[in-house]
Protein chains: 2
Amino acid sequence: MTSGSWEEFFAIHLPPPDFEDNRSLLKEFCERHEHYGNKIVLVTSGGTTVPLEHNTVRFVDNFSAGTRGSASTEYFLEHGYAVIFMHRQKSLEPFTRHFTGQKLLDMLDIQERGPNTTITVKPDSVDVLAPILLRYKAAHAAGAILHVSFTTVSEYFWLLRAACECLANLGPRAVLYLAAAVSDFYVPKDCVPTHKIQSESGPPIIQLHLVPKMLAPLVNLWVPTAYVVSFKLETDENLLVPKARAALEKYKHKMVVGNMLQTRHHRVIMVTPDATQEIILTREEVHAGVDIESSIVLEIVRAHAEHLRGAGAGAAAGGADWAPREPR
Amino acid sequence: MTSGSWEEFFAIHLPPPDFEDNRSLLKEFCERHEHYGNKIVLVTSGGTTVPLEHNTVRFVDNFSAGTRGSASTEYFLEHGYAVIFMHRQKSLEPFTRHFTGQKLLDMLDIQERGPNTTITVKPDSVDVLAPILLRYKAAHAAGAILHVSFTTVSEYFWLLRAACECLANLGPRAVLYLAAAVSDFYVPKDCVPTHKIQSESGPPIIQLHLVPKMLAPLVNLWVPTAYVVSFKLETDENLLVPKARAALEKYKHKMVVGNMLQTRHHRVIMVTPDATQEIILTREEVHAGVDIESSIVLEIVRAHAEHLRGAGAGAAAGGADWAPREPR
């Protein structure tokens, strides 16, 4: 069974209910930053789901907490990029990712004085919280970050295409940092039962279909001059670099960041058509809480600057019309 | 294909790595509250996963944010119960559930004064935060809540049995409030591939197996005198009450709380062997942010008090040895 075409996928799967609202937000965000000559990165983050029932009780999910995407977003903001943070609902988000669970409540002291009650952050927590809070407030005050969220793989694809349509105008000033863990398989809409599968009827067999590879139309048609980075997560070390190279050759984009499930927080391999570069955190860096994403983003910011120089002096003015089209 | 026995499930699936630590925590918690003559409720919350690969990239998940369990925990604490909050990792938790995403960061003001920088909660957010923070601090100061977490269905079952072993000593003073969305199907350990399924080999067919019904040994063997409440989530209204009644007849426990996926936040049906009671929030209550869990828990606290009276005056002293055994 082969995967259907991407056109067919969009024909079968209707846009999500909040699609038009999100499209307006994306459009306004991109136009504003294009106007100011800013660079924009689209960061996708978290896993997509594949519903097994229409009234979804059960679904197939992809493992991803959203660490890579949420951390990277903070570093792109530091480098002056505007960020579209397209994330799985309830996955980790930039800034708040540092305070999951009860951490924030445990940092608070309450001074009960009836109507004059005050709540303050404990002095020894201020050191940790203050720098993050300042960066959070600065990013939001500048309108430098837009959050949009998805759950299913079909919602993801609709948002991804809409974001690309808006980013196309920025030409080579746009970066796509596709860190989301997107389902390879799905259950076509007409094969999904309406009601919850009943266990009395015995265990179901789930026949999955291949999801079309959206990277193909994305690179060739939607944002042909953008700097596109895709991610590859593997559990078998031997497959990592060969599969990254194969993807680059097939889709003709700029970079694949390869990582192993087991070591992804302290080791990645950045593969471009010309080179392979490994980033490894030392044990000391891991203990000190250094994010490997700071190094990944730094490398991409450099490579993107080079891409912009290659695109010519007109790059600052953006525009997909004049820029050299990626050869197929 | 039939489901294997529960004994077989525990024989095939090894306990999770942190199992002994959690078992010690459960034991200490139950012994302490048993000593003080407290009632304990085990609240299970969130969905369990079924891994499709050993190095888990993909898994089948059950829809559940953990709203029911996390909200109910707060109300059980208010009624003086000690609570074992057994939840899916990263699902909603009591108290913090009110402040997901950026809500807490947006409530904070920072006064930058170098080393004397302070961070305070904005005055207009104090009204919302103060009562929740006070209840949070009181519950933790009293040691009235224990958090343990699971991800896979097998981790869930190991924790569930361990909790039951500790709760058995409390006899009828224990309540089990099984709100977690537990997988009905799983992929047996020896059918799970070690590495990530490669999409090049075409779409996989996933043959699921039935998970054994743990409610049977739980009610009959593990906590025979406890007050056991199970939950039923359906998407087909016509199946709700018949399936709830069938479960009560089959497992001989005390109550099934039935709810529809679409209306679960404002309507539930509480089914006992003798009665069916519906709880519906009015539109005004929904708008005012009333939790339906406050009514559900109130009903269960009442029913549990009756259960304790039925178990005889000795109930306060607890103990499964003397208490009437549930007929099969």
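**Close-up views of a predicted two-chain model**

**Figure 1. The β10 strands of the two chains meet at Ile206.** Ile206(A) stands opposite Ile206(B), which belongs to β10(B). In this predicted model, strand β10 of chain A, residues 205–207, pairs with β10(B) in the antiparallel sense, and three bridges link the two strands. The model scores ipTM 0.82 and pTM 0.86.

**Figure 2. The contact between chain A and chain B draws on 49 residues from each of the two chains.** On the side of chain B that touches chain A, the elements giving two or more residues include β3 (58–62), α4 (103–106), β5 (108–111) and β6 (118–121) of chain B. Also among them are α5 (123–141), β10 (205–207), β11 (209–210) and β12 (227–234) of chain B. The most is given by α5(B), with six residues. Sorted by class, this side of chain B has 27 nonpolar, 15 polar and seven charged residues.

**Figure 3. A turn of 180 degrees lays chain B on chain A.** The superposition has an RMSD of 0.0 Å, and the shift along the axis is 0.0 Å. This is the relation of a two-fold axis. Of the interface residues of chain B, 100% are also interface residues in chain A, so the copies meet through the same surface.

**Figure 4. An open sheet of eight strands in chain A has mixed pairing.** The strand order is β7-β4-β1-β8-β12-β13-β14-β15. Its edge strands are β7 (145–150) and β15 (276–280) of chain A, each of which pairs on one side only. From one strand to the next, the twist averages 15 degrees. Within the sheet, strand β1 (residues 40–45) of chain A runs parallel to β8(A), and five bridges join the two. One position in this pairing is Ile40(A), whose bridge partner in β8(A) is Ala174(A). Helix α2 of chain A, residues 19–35, lies across β1, β4 (82–88) and β7 of chain A, and runs at about 155 degrees to β7(A).

**Figure 5. Strands β13, β14 and β15 of chain A are joined by hairpins.** Strand β13 (residues 255–260) and strand β14 (residues 267–271) of chain A pair in the antiparallel sense over three bridges. Here Val257(A) has Met270(A) in β14(A) as its bridge partner, and the hairpin that joins β13(A) to β14(A) passes through six residues. The pairing of β14(A) with β15(A) is likewise in the antiparallel sense, over five bridges. Val271(A) has Thr276(A) in β15(A) as its bridge partner, and four residues form the connection of the hairpin from β14(A) to β15(A).

**Figure 6. Strands β5 and β6 of chain A form a hairpin with six residues between the strands.** Strand β5 (residues 108–111) of chain A pairs with β6(A) in the antiparallel sense over four bridges. Asp109(A) stands opposite Thr120(A) in β6(A). Gly114(A), in this hairpin, takes a positive phi near 55 degrees. Side chains alternate along strand β6 (residues 118–121) of chain A: Ile119(A) and Val121(A) point to one face and are buried, whereas Thr118(A) and Thr120(A) point to the other and are not.

**Figure 7. Two residues other than glycine, Lys90(B) and Phe95(B), have a positive phi.** Lys90(B) is found in the loop between β4 (82–88) and α4 of chain B, and its phi is about 70 degrees. Phe95(B) lies in the loop between β4 and α4 of chain B, with phi near 75 degrees. Lys90(B) is partly exposed because 16 other C-beta atoms lie within 10 Å. Phe95(B), by contrast, is buried because it has 21 other C-beta atoms within 10 Å.

**Figure 8. Gly171(A) occupies the loop between α6 (153–167) and β8 (174–178) of chain A.** Gly171(A) counts as buried because 23 other C-beta atoms lie within 10 Å. Arg58(A) is 113 residues away from Gly171(A) along the chain, and the C-alpha atoms of the two residues are separated by 40 Å.

**Figure 9. Residues 313–328 of chain A have pLDDT under 50 throughout.** For this stretch the model has 27 contacts beyond four places in sequence. Where pLDDT is low, the predicted coordinates should not be read in detail. For chain A as a whole, the mean pLDDT is 89, and 89% of the residues reach 70 or more.

Definitions and conventions: Residues are numbered from 1 along each chain as its sequence is written. Chains are lettered from A and ligands numbered from 1 in the order in which they are written. This is a predicted model: local features need pLDDT of at least 70, side-chain atom pairs count only at pLDDT 80 or more; totals for chains, interfaces and linings use all residues. A residue is buried if 20 or more other C-beta atoms lie within 10 Å of its own, exposed if 12 or fewer, and partly exposed in between; C-beta atoms are placed from the backbone. pLDDT is the predictor's confidence in each residue, from 0 to 100. Two residues are in contact if their C-beta atoms, placed from the backbone, lie within 7 Å. Ala, Val, Leu, Ile, Met, Phe, Trp, Tyr, Cys and Pro count as nonpolar, Asp, Glu, Lys and Arg as charged, and the others, Gly among them, as polar. Two strands pair if DSSP finds at least two bridges between them. Axes are lines fitted to C-alpha atoms, for helices over the stretch in contact, and angles run from 0 to 180 degrees between N-to-C directions. Copies are superposed by least squares on the C-alpha atoms of residues with pLDDT of at least 70 in both.
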